[in-house]
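User: I am new to this structure and would like a close look at a single part of it. Please take one residue with an uncommon backbone angle and describe its surroundings with care.

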Amino acid sequence: MTPYEKVFDSFKRRIEDKDLPTFEEDEQIEMLTGWLDTAIGYIELEQLQMVSDLSDRDNDSQVFVADLKNFEIEVIAMYMAAAWYEPKINSLEHTLLFVGASGEKWTDQDAHMKMMKAIRDDWKLEARKYFRNYGYKKNSYLENT
């Protein structure tokens, strides 16, 4: 079994969120679990075949039934970082900065939005590369040559 906490710790090392510690522990776990669910959705959407079955988990006990490999923990954490950006990109506060703003301010906000989307996409790309590189190293065809 792999506790979610191992994945959460890897994720927290990748981001800097000053607001997360201000929430109650159960609220933090709810947010982290939401990002985890989104990350697993990204993995399924991109059809990455992990070694372990990521759907075999228990949200109540906060564990994956399988013993996740280190690379799986890292890939999930990278996708969680991408998921962490989603609410920041789509936030009402961020959207309101565009409405009624002067041209100069709008272009600053537009650049900021583009930068956040680029970082989110970079996390997804990095996770796919990490997954791909693991696949190359563990390819049974290449190991037997």
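Analyst: What follows is a description of Gln 62, set within the chain and beside two other residues.

The model is a predicted one, in which local features need pLDDT of at least 70, side-chain atom pairs count only at pLDDT 80 or more, and totals for chains, interfaces and linings use all residues. Residues are numbered from 1 along each chain as its sequence is written, and side-chain values use heavy atoms, with hydrogens and water left out.

The chain holds six helices and three strands, where helices (H or I, at least four residues) and strands (E, at least two) are DSSP runs numbered from the N terminus. Read from the N terminus, these elements follow the order β-α-α-β-β-α-α-α-α. Of the 145 residues, 37% count as buried, a term that stands for under 20% relative accessible area, while exposed stands for over 50% and partly exposed for what lies in between (1.4 Å probe, protein chains only).

Gln 62 is placed in the loop between S2 and strand S3 (63-64). Its phi is positive, at about 60°, although Gln 62 is not a glycine. Most residues other than glycine have a negative phi. With a relative accessible area of 17%, Gln 62 is buried.

The surroundings of Gln 62 can be described through its contacts, meaning heavy atoms within 4.5 Å. When neighbours within four places in sequence are left aside, Gln 62 is in contact with Pro 3, Tyr 4, Phe 8, Ile 29 and Thr 33. With Thr 33 there is also a polar contact from side chain to side chain, at 3.4 Å; such a contact is a pair of N or O atoms within 3.5 Å, where within protein one must be able to donate a hydrogen and the other to accept it, and residues adjacent in sequence count only if both atoms are side-chain atoms.

Gln 47 offers a useful comparison, since its phi is also positive, near 55°, in a residue other than glycine. Gln 47 lies in the loop between helix H2 (25-45) and strand S2 (57-58), and it counts as exposed because its relative accessibility is 61%, whereas Gln 62 is buried at 17%.

Elsewhere, Phe 71 in helix H3 (residues 70-89) is buried, with a relative accessible area of 7%. Beyond its neighbours within four places in sequence, Phe 71 is in contact with Met 50, Val 51, Tyr 130, Phe 131 and Tyr 134.
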